[in-house]
Amino acid sequence: MRRRPGIGGLQTAAAARDQYKKLGENVAKIRTDMMKEQLSTFRSQLEDFARKHKNDIRKNPAFRSQFHEMCAKVGVDPLASNKGFWAELLGIGDFYYELGVQIVDICLATRPLNGGLINLQELCQLLRQRRKSDRGVVSEDDCLRAISKLKVLGSGFEVISVGKKKLVRSVPTELNKDHNEILELAQGQGFVTVDEVERRLSWTSGRAIDALDTLLDEGLAMIDDGHKDGKRRYWFPCVSPISSLTGIDSL
């Protein structure tokens, strides 16, 4: 027969478990303290780096993007507040706030043409035109960061990917898979026809017309019936250049 462990044996085992538990907690605490110390060192070095290169961070978009990546790795968000060390040192909080205001203005001004959906590249181009004195210092990365800060306002601003393009949506329009496929198809020449949608996407006529009519109702498409072949073109300003259209160059 197997003998049951005595009281002394149980107490010894319990004591051993307690010791192992305490040892594990001590090791975890030491590791946590070491990580905190390392992060504190990294942040201190990051502040020294920012002081030394603040002009490059302000003026060079590529340098600024790399700086944001460095900050993210140590849990620092220079855009979290317009007050404090980072705002006072770099002033980049104000920079992105100003970009955000200008992005909202441009999206509102172009909404009658694109229905509230604009190509990110086109948005950046219009933004640079508006900031004529500093055209070269605004990158797509800057635009994306400024737009991400607009989300806290509950303003509906969002960046979506359609094919190889990124589009900025400034209205709460919900696009389904069919709508995205049509927008991706339209990227080739800026427009589609019902026949082209049926042929390229292997859709029925009813499915193509239903999706196109929805995009038209949302203001994302424009109709062009002036062609000899009699085929209606559905133009999508959000995937084709709009800066050449009337009224946009004056933004």
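Serine 202 counts as exposed, at 66% relative accessibility. In this predicted model, serine 202 occupies the loop that connects helix H9 (194-201) to H10. Its backbone carries a positive phi, near 55 degrees, in a residue other than glycine. Most residues other than glycine have a negative phi. The value at serine 202 is positive and is therefore set against that general tendency.

On one side of this loop in sequence stands helix H9 (194-201), and on the other H10. Within helix H9, the side chains of arginine 200 and glutamate 196 meet in a salt bridge, with an N to O distance of 3.5 Å. Because the two residues are four positions apart in helix H9, about one helical turn separates arginine 200 from glutamate 196. Glutamate 196 counts as buried, at 9% relative accessibility.

Helix H10 spans residues 205-217 and includes aspartate 213. Aspartate 213 is partly exposed, with a relative accessibility of 32%. On the surface, a patch of negative charge is formed by Asp210, Asp213, Asp217 and Glu218. Membership of such a patch requires over 30% relative accessible area and no salt bridge; the 32% found for aspartate 213 therefore satisfies the accessibility condition.

A search of the whole structure yields nine salt bridges, among them the pair of arginine 200 and glutamate 196. A further one is formed by the side chains of arginine 169 and glutamate 158, at 2.4 Å from N to O. Arginine 169 belongs to strand S3 (residues 165-169) and glutamate 158 to strand S2 (residues 158-162), so this pair ties together parts that are eleven residues apart in sequence. The two partners fall into separate accessibility classes: arginine 169 counts as buried at 8% relative accessibility, whereas glutamate 158 is partly exposed at 31%.

The side chains of arginine 232 and aspartate 225 likewise meet in a salt bridge, with an N to O distance of 2.8 Å. Arginine 232 is partly exposed, at 35% relative accessibility. Aspartate 225 is also partly exposed, with a relative accessible area of 45%.

Valine 239 is located in the segment after strand S6 (233-235). At 5% relative accessibility, valine 239 counts as buried, since the limit for that class is under 20%. When residues up to four places away in sequence are not counted, valine 239 touches Lys165, Leu167, Leu183, Ala186 and Gln187. Of these, Lys165 lies within the range given for strand S3 (residues 165-169), as does Leu167. Valine 239 and glutamine 121 are 118 residues apart in sequence, yet their C-alpha atoms are 9.7 Å apart in space.

For the chain as a whole, the secondary structure comes to ten helices and six strands. Of the 251 residues in the chain, 37% are buried; valine 239 is one of the residues that count as buried, as are arginine 169 and glutamate 196. Among contacts between residues at least 6 apart in sequence, 56% join residues at least 24 apart. The accessible surface of the chain amounts to about 15300 Å², and 51% of this surface belongs to carbon and sulfur atoms.

Technical notes:
Residues numbered from 1 in each chain as written. Predicted model: local features only at pLDDT ≥ 70, side-chain atom pairs only at ≥ 80, totals over all residues. Heavy atoms only, no water. Patch = residues over 30% accessible without salt bridge, like charges linked within 9 Å, V, L, I, M, F, W, Y side chains within 5 Å. Areas by Shrake-Rupley, 256 points an atom, 1.4 Å probe, with all protein chains shown as cover. Salt bridge = Lys/Arg side-chain N within 4 Å of Asp/Glu carboxyl O. Lys, Arg positive; Asp, Glu negative; His and termini not counted. Charge placed at Lys NZ, Arg CZ, Asp CG, Glu CD. Buried < 20%, exposed > 50% of the residue type's maximum accessible area, 1.4 Å probe, protein only. Contact = heavy atoms within 4.5 Å.
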